[in-house]
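These are my notebook entries on a structure that I looked up. I record each point in the order in which I consulted it.

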Amino acid sequence: MAETRTSQVVARARKPLIEGSTLGAGVLLVAALVGLVNYFGYKHHARWDWTSNSIYSLSAKSLNVVKSLDKDVEAVVFMRPGGEMYTPVRELLARYEAASPHIKVRMVDPEKNLAEAQRMVSEYRVSNLNVVVFDAGGERRVIESTDLAEYDYSGMQMGAGPRMTGFKGEQRFTGALLELQESKKPKLLVTTGHGEADLDSPDPSGLAQAQDLLGRDNFEVKEWASVGQTTVPAGTDLVFIPGPTSGFLQPELEVLSAYLAQGGRVLVLLDPVVAEGAAALANTALSAWLSSYGVTLADDIVVDPANPLPFFSADTIFASSWGEHAISKSLRQANLPAVFTLARSVSAGTVPTGLQVTELVKTSAEGWGERDLANLRAVKKDATDTQGPVSLAVVVGAKEKDSPVPSMEEDEPAPAEPKPEATTGPSMRLVVFGDSDFATNAQLANAGNPTLLADTVNWLVARQQALGIAAKTPEQVRLNLTGGQISGIFWLVVGLLPLISVSL
């Protein structure tokens, strides 16, 4: 009996010890699991972008730029948490920070942290504290919030405020990282003296917006008078010929040929300029020169009634038939069209040995190139016209192994000049468009035009990591409820749900 009582006493004494040990072991196990989950979450975390337009997701261009960083960059955000740009900027920069250990993001509220705001003013020399600063050890880029978005001001006449139509954060942030990463800015020369579009002009036919676009991509853009020059200036990465209306001299073309033969890069935008008093296009002397590189320019004006734009004539082309090329990859994937106004056809001709010509973008099959320039008021497709689908741009580069070489159509004229010799370097690159308007102030902001221009220039200078960023449309999410629906939700939350919880 005594032994039984002793056993019971011992059992009761051991019970708290066992329970305590079990509880302690459970607590330690839970702590270990939490620690393990947090460790793997820190090492292998992932982010999702649930927005319909993926405005917080990084493009392939940005990821390539971020992965190529070899220096530490701190992104300092000076914005009020309640501001319109705060959330998209914070979310987007979090993606940059997660993609590279070289990027650190610091959020600063200028209203709550006055000391830091004052230091910002004196150190970074900015007057507007609604900015993002990228700092790479003394070299900095400052991006103001007004440069991060596109706005529609049409409603202001009715008393409404501006409406954000495009978020350009990724464009600006990736451009800043490119500038900090590159030790040299690519040098782009724009030819003058042949009636080209004016680089600095804010007029609809000018290139001021194009210059700004390329400047944000870290290009040094300058004008170059090619007449009388014996060589392209040393260090030139790209020669840009935007919409000439008068002829180039033979010595100028020889300079350009020598530049291409040494691995140079040239971008040509040619409009169908009708010669005064003649039913033909003005002779810029570039048609024969380009034919020696496998590029055929037809004397026509392209129309495409199958892809009309409201309030525009048939010679304004809404083109989205993209060829297979690095320039058009992002536009093709996004199904983003480009808008061309008064264009001429540019197609592949007889291609010299060692080169290949790719047709970059075409009209629909119903489009054609109107060759009867004497009767442009009543255009009608006939057998003498350039048959659709009509090519509007071509890319010339070194031939890739086993790549097919396009041939000239049977009805195209033969090249007027001999083909270039084998001295044409394997790295030469040439792009020709049958329109310059898509790059001017009047059209650059339309559809995929800015992406097309930026990607073309970046491919020409072999900056593959800089291809393919377009402004993203922010989500406009609204929930419209009637009075009865609002009342039903109120009684559900205030009455029914508490009653259910009590009954359970």
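**A charge over a ring**

I began with one arginine and one tryptophan. Arg 429 sits over the face of Trp 459, and I noted 4.2 Å to the ring centre. I add that this is a predicted model, and every value below is computed from it.

**Overall make-up**

I next looked up the chain as a whole. The protein chain holds 11 helices and 21 strands. Of its 504 residues, 42% are buried. I then turned to contacts between residues at least 6 apart in sequence, and 76% of these join residues at least 24 apart. For the accessible surface of the protein chain I recorded about 26500 Å², with 56% of that area belonging to carbon and sulfur atoms.

**Aromatic pairs**

How many aromatic pairs does the count come to? I noted six aromatic pairs. I examined one of them, Phe 134 with Phe 173: the ring centres are 5.5 Å apart and the planes stand at 55°, so I entered the pair as tilted. That angle falls between the cut-offs, since planes under 30 degrees apart count as stacked and those over 60 as edge-to-face. I then located the two partners. Phe 134 belongs to strand E3 (residues 131–136) and Phe 173 to helix H5 (residues 169–181), and the pair links distant parts of the chain, 39 residues apart. Are Phe 134 and Phe 173 buried or exposed? I found both Phe 134 and Phe 173 buried. I also noted that ring pairs join Tyr 96 with Phe 134 and Phe 173 in a cluster.

**Salt bridges**

My search then moved to charged side chains. Side chains of opposite charge can pair when their charged atoms come close. Across the whole structure, eight salt bridges are found.

I took up the salt bridge between the side chains of Glu 111 and Arg 80, with 3.7 Å from N to O. Glu 111 lies in the loop between strand E2 (103–108) and helix H4 (114–124), while Arg 80 lies in the loop between strand E1 (73–78) and helix H3 (86–99), so this pair ties together parts 31 residues apart in sequence. I entered Glu 111 as exposed because its relative accessibility is 54%. I entered Arg 80 as partly exposed because its relative accessibility is 40%.

I then consulted the salt bridge between Arg 90 and Glu 91, whose side chains meet at 3.4 Å, N to O. Arg 90 has 34% relative accessibility and so counts as partly exposed. Glu 91 is also partly exposed, with a relative accessible area of 22%. I noted further that a network of salt bridges links Arg 90, Glu 91 and Arg 95.

A further entry concerns Arg 332 and Glu 324, which form a salt bridge with their closest N and O atoms 3.3 Å apart. Arg 332 is partly exposed at a relative accessible area of 28%, whereas Glu 324 counts as exposed at 63% relative accessibility.

**A nonpolar surface patch**

Which residues make the nonpolar surface patch of about 850 Å²? I listed Ile 489, Phe 490, Trp 491, Leu 492, Val 493, Val 494, Leu 496, Leu 497 and Ile 500. I looked up the place of one of them, Val 493, and found it in helix H11 (residues 483–503).

Technical notes
Residues numbered from 1 in each chain as written. Predicted model: local features only at pLDDT ≥ 70, side-chain atom pairs only at ≥ 80, totals over all residues. Heavy atoms only, no water. Phe/Tyr/Trp six-rings, centres within 6.5 Å; stacked < 30°, edge-to-face > 60°. Helix = DSSP H or I, 4+ residues; strand = E, 2+ residues; numbered from the N terminus. Buried < 20%, exposed > 50% of the residue type's maximum accessible area, 1.4 Å probe, protein only. Lys NZ or Arg CZ within 6 Å of the ring centre and 35° of its normal. Patch = residues over 30% accessible without salt bridge, like charges linked within 9 Å, V, L, I, M, F, W, Y side chains within 5 Å. Areas by Shrake-Rupley, 256 points an atom, 1.4 Å probe, with all protein chains shown as cover. Salt bridge = Lys/Arg side-chain N within 4 Å of Asp/Glu carboxyl O. Contact = heavy atoms within 4.5 Å.
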